[in-house]
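Good morning, and thank you for the time on today's agenda. I would like to take you through one structure, moving from a single residue to the chain as a whole and back to its details.

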Amino acid sequence: MKKIEAIIKPFKLDDVREALSEIGINGMTVIEVKGFGRQKGHTELYRGAEYMVDFLPKVKVELVVEDSLCEHCIDIIIETARTGKIGDGKIFVSDIQRVIRIRTGEEDEQAI
């Protein structure tokens, strides 16, 4: 099993969720996050004063999938989240050793 963590622009969340649900991914965790990379933030005006916004709003989508679905999920996220502009985000993939559904005690693929 693999854990896919995708940091994307917030307005792309619905597109990514819908595209993943079309291939049968019915569970994910979504977290509102802030961060910066090459974008480095930007300046804004508030009541005539200019200030620096270092951390930009992003959304972190986390899902755990079977190994066979991992590459397809990554392709879908890239296809639906890409705008072609700086700040599109990143995808991190890691191995998952064990998954347990608390309610039933099911484990691994049955618990996803």
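**A tour of the chain**

Leaving aside its neighbours within four places in sequence, E106 is in contact with V99, I100, R101 and A111. Please keep in mind from the outset that what you see is a predicted model. E106 itself is located in the segment after strand 6. Is E106 buried, partly exposed or exposed? With a relative accessible area of 33%, E106 is partly exposed. Its side chain also takes part in a polar contact, with the side chain of T104 at 2.9 Å.

Let me now step back to the overall layout. The chain contains 2 helices and 6 strands. Read from the N terminus on, the order of these elements is β-α-β-β-β-β-α-β. The chain has 112 residues, and 30% of them count as buried. Its accessible surface comes to about 7,800 Å², and carbon and sulfur atoms account for 50% of that area.

How do the contacts spread along the sequence? If we take contacts between residues at least 6 apart in sequence, 70% of them join residues at least 24 apart.

I turn next to the pairing of strands, beginning with strand 1. Strand 1 pairs with strand 5 in the antiparallel sense, and 7 bridges are found between the two. Within this pairing, I7 stands opposite K60 of strand 5. Strand 1 is also joined to strand 6, residues 90-95, by 6 bridges, and these two strands run antiparallel as well. Here, A6 has I91 of strand 6 as its bridge partner. Strand 1 therefore has bridges to strand 5 and to strand 6.Now to the nonpolar core. In soluble globular proteins, nonpolar side chains tend to be buried together. In this model, the largest nonpolar core has 18 residues, and those touching the most other members are I4, I8, L20, L63, V65 and C73. Four elements each supply at least two residues of this core: strand 1 (2-8), helix 1 (13-22), strand 5 (56-65) and helix 2 (67-81). Which element provides the largest share of this core? That is helix 2, with 6 residues.

L20 deserves a moment of attention. Not counting residues up to four places away in sequence, L20 touches I25, M28, L63, C73, I76 and I77.

Let us move on to charged side chains. The count of salt bridges comes to 9. In one of them, the side chains of D95 and K2 meet at 2.3 Å, N to O. Because D95 lies in strand 6 and K2 in strand 1, this pair ties together parts that are 93 residues apart in sequence. K2 is partly exposed, at a relative accessible area of 23%.

A further salt bridge is formed by the side chains of E62 and K3, at 3.9 Å, N to O. E62 lies in strand 5 and K3 in strand 1, so this pair ties together parts that are 59 residues apart in sequence. Are E62 and K3 buried or partly exposed? E62 is buried, because its relative accessible area is 16% and the cut-off for buried is under 20%. K3, at 22% relative accessibility, counts as partly exposed.

The side chain of E62 also meets that of K60 in a salt bridge, at 3.4 Å, N to O. What links K3, E5, K60 and E62? These residues are linked in a network of salt bridges. K60 is also the residue that I7 stands opposite in the strand pairing described earlier.

My last stop is D88, found in the loop between helix 2 and strand 6. D88 counts as buried, since its relative accessibility is 16%. What does its side chain reach? One polar contact is with the side chain of T83, at 2.4 Å. The side chain of D88 also reaches the backbone nitrogen of G84, at 2.9 Å. Not counting residues up to four places away in sequence, D88 touches I7, I8, K9, A81, R82 and T83. Among these, I8 also appeared in the list of core residues that touch the most other members.

To close, I would ask you to retain three points from this predicted model. Strand 1 has antiparallel pairings with strand 5 and with strand 6. Helix 2 supplies 6 residues to the largest nonpolar core. Finally, K3, E5, K60 and E62 form a network of salt bridges. Thank you for your attention.

Terms used. Residues are numbered from 1 along each chain as its sequence is written. This is a predicted model: local features need pLDDT of at least 70, side-chain atom pairs count only at pLDDT 80 or more; totals for chains, interfaces and linings use all residues. Side-chain values use heavy atoms; hydrogens and water are left out. Buried means under 20% relative accessible area, exposed over 50%, partly exposed in between (1.4 Å probe, protein chains only). Contact means heavy atoms within 4.5 Å. Accessible areas come from the Shrake-Rupley method with a 1.4 Å probe; for residues, only the protein chains shown count as cover. A nonpolar core is a set of buried Ala, Val, Leu, Ile, Met, Phe, Trp, Tyr and Cys residues joined through side-chain atoms within 4.5 Å. Two strands pair if DSSP finds at least two bridges between them. A polar contact is a pair of N or O atoms within 3.5 Å; within protein, one must be able to donate a hydrogen and the other to accept it, and residues adjacent in sequence count only if both atoms are side-chain atoms. A salt bridge is a side-chain nitrogen of Lys or Arg within 4 Å of a carboxyl oxygen of Asp or Glu.
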